[in-house]
Amino acid sequence: MYPERPARRGLSLGVRDALRGIWVCVRTQRNMRIHLAVCCYVVYFGLQLPLSRGEWACLIGAMGLVTGLEAANTGVETLCNFAQKHPNPMIRDVKDVAAGAVLLGAVAAAALGLVIFLRPELWQAVQELCLVPWKGILFLASLGAAWVWVALPGKQGRGK
């Protein structure tokens, strides 16, 4: 079914395969595109604020956790769909638990973001977006582009 992989592979091949897996996830999963769009806005607003190294570390860790959980959830769902073509309560539970892990990570990341971002400097950055026309226009254009990117139907993987 799949070509045999050599027992010992180079690091570059492993990285290539991992990057391909990330691309499959981005291409096929709307929720991954949502997470990535939110990550872009977190970085944007983070750059507008005087964040400490520790705050950046927390934000980067939270973004990695949520996107990593989403990728793992995609893998679990893909494997479950391949293994069981007909409805099965146990498979449903496995998929729901994996999705629940993503939700728990996303809620924790959102709470962490609120703790870090809710400060007067954030409101100053938002006010600047509203008062400087070109910044506001660019921000609204980015929101529109993000919405279109997220809303696009994902390409289905092999065998679908």
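## A look around helix H6

In helix H6, the residues Gly136, Phe139, Ala146 and Val150 are buried, where buried means under 20% relative accessible area, exposed means over 50%, and partly exposed is in between (1.4 Å probe, protein chains only). Seen down the axis of H6, these buried residues fall within an arc of 85°, so they line one face of the helix; the arc is that of the directions from the helix axis to the C-beta atoms. Residues three or four places apart point the same way because an α-helix has 3.6 residues a turn. Over on the other side of H6, Pro133, Trp134, Ile137 and Leu138 are exposed.

A quick word on the basics: this is a predicted model, where local features need pLDDT of at least 70 and side-chain atom pairs count only at pLDDT 80 or more, while totals for chains, interfaces and linings use all residues. Residues are numbered from 1 along each chain as its sequence is written, and side-chain values use heavy atoms, with hydrogens and water left out.

What covers the buried residues of H6? Helix H2 (30-48) and helix H5 (120-131) are among the elements that do, with contact meaning heavy atoms within 4.5 Å. Helices here are DSSP runs (H or I, at least four residues), numbered from the N terminus.

Now for the rings. A search of the whole structure finds four aromatic pairs. Rings of Phe, Tyr and Trp (its six-membered ring) pair if their centres lie within 6.5 Å; planes under 30 degrees apart count as stacked, over 60 as edge-to-face and the rest as tilted. Two of the pairs involve Phe139:

| Pair | Centre to centre | Angle between planes | Type |
|---|---|---|---|
| Tyr41 and Phe139 | 5.6 Å | 75° | edge-to-face |
| Phe45 and Phe139 | 5.7 Å | 70° | edge-to-face |

Both link distant parts of the chain: Tyr41 in H2 and Phe139 in H6 are 98 residues apart, while Phe45, also in H2, is 94 residues from Phe139. Tyr41 and Phe139 are buried, and Phe45 is buried too. Together with Tyr44, these three form one aromatic cluster.

H2 turns up again at a pocket. The second largest pocket has a volume of about 440 Å³. Of the 20 residues that line this pocket, Val38, Val42, Ala109, Ala110 and Gly113 are the closest to its centre. The elements giving two or more residues to the lining are H2, helix H3 (53-83) and helix H4 (89-117). On a 1 Å grid over the protein atoms alone, a pocket is an open set of points where a 1.4 Å probe fits, with protein on both sides within 12 Å along at least five of seven lines, and lining residues have an atom within 4 Å of a point. Grid points are joined across faces, edges and corners, and a volume is the space filled by probe spheres set on the points.
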